[in-house]
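Pull up the model and keep the sequence beside it. We'll take a walk through a few spots together.

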Amino acid sequence: QLQLVESGGGLVRPGGSLRLSCAASGFTLENYVVAWFRQAPGKEREGISYINFSGRKISYVDSVKGRFTISRDNAKNTVYLQMNSLKPEDTANYYCAASKSYYGLGDLYDYWGQGTQVTVSS
């Protein structure tokens, strides 16, 4: 079964850090562009970052630039999102997604995980 599984979410204080992981099974993640999305209650799902096959092409939305870092370890079939200087407005369910034929922050990815919750609160 082809599957993406997110992990690493939790409750953190403002200014704290978390590292999210997106692990693939049933396919080789090396052949896919991978993106991170998030969705807060009552808001639309938002693409926040993507990384291409080699890791040379990376993009972030303005709201996370300088604070979040996407990376990949193809040997481990895993993509990461390091989140630093977290703010309450970062609170959301975070999803990873993968595609062989698309890259960007739009909603056109082929495979999706079920999400991991990140809550930033004092």
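What follows is a short tour, from the strands to the loops and on to a pocket.

A word on the ground rules: this is a predicted model, where local features need pLDDT of at least 70, side-chain atom pairs count only at pLDDT 80 or more, and totals for chains, interfaces and linings use all residues. Residues are numbered from 1 along each chain as its sequence is written, and side-chain values use heavy atoms, with hydrogens and water left out.

Let's begin with E6, which sits in strand β1, residues 3-7 (strands are DSSP runs of E, at least two residues long, numbered from the N terminus). What is the nearest side chain of opposite charge to E6? That would be R45, 8.9 Å away, and E6 is buried yet has no salt bridge. Buried here means under 20% relative accessible area, exposed is over 50%, and partly exposed is in between, using a 1.4 Å probe and protein chains only. As for charge, Lys and Arg count as positive and Asp and Glu as negative, while His and the chain ends are not counted. A salt bridge needs a side-chain nitrogen of Lys or Arg within 4 Å of a carboxyl oxygen of Asp or Glu.

The side chain of E6 does have backbone partners: it reaches the backbone nitrogen of G115 at 2.8 Å, and one of its polar atoms lies 2.9 Å from the backbone nitrogen of C96. Next along in strand β1 is S7, which counts as partly exposed because its relative accessibility is 39%. S7 and Y95 are 88 residues apart in sequence, yet 9.6 Å apart in space, C-alpha to C-alpha.

Y95 turns up again with N93, a residue of strand β9. The side chains of N93 and Y95 make a polar contact at 3.1 Å (a pair of N or O atoms within 3.5 Å; within protein, one must be able to donate a hydrogen and the other to accept it, and residues adjacent in sequence count only if both atoms are side-chain atoms). A polar atom of the N93 side chain also lies 3.0 Å from the backbone nitrogen of T116. With a relative accessible area of 18%, N93 is buried.

Strand β3, residues 18-25, holds L20, and L20 counts as buried because its relative accessible area is 0%. Compare D62, in the loop between β6 (58-60) and β7: at 64% relative accessible area, D62 is exposed. The side chain of D62 makes a polar contact with that of K65 at 3.0 Å.

Now for two backbone oddities. Most residues other than glycine have a negative phi. N77, in the loop between β7 (68-73) and β8 (78-83), has a positive phi, near 55 degrees. S85, in the loop between β8 and β9 (92-99), also has a positive phi, near 50 degrees. Is each one buried or exposed? N77 is buried at 15% relative accessibility, while S85 is partly exposed at 41%.

Last stop: the largest pocket, with a volume of about 160 Å³. On a 1 Å grid over the protein atoms alone, a pocket is an open set of points where a 1.4 Å probe fits, with protein on both sides within 12 Å along at least five of seven lines, and lining residues have an atom within 4 Å of a point. Grid points are joined across faces, edges and corners, and the volume is the space filled by probe spheres set on them. Its lining has 13 residues, with R38, K43, E46, E89 and D90 nearest the centre. The lining divides into 8 charged, 3 polar and 2 nonpolar residues; Asp, Glu, Lys and Arg count as charged, Ala, Val, Leu, Ile, Met, Phe, Trp, Tyr, Cys and Pro as nonpolar, and the others, Gly among them, as polar.

Methods: Helices (H or I, at least four residues) and strands (E, at least two) are DSSP runs, numbered from the N terminus.
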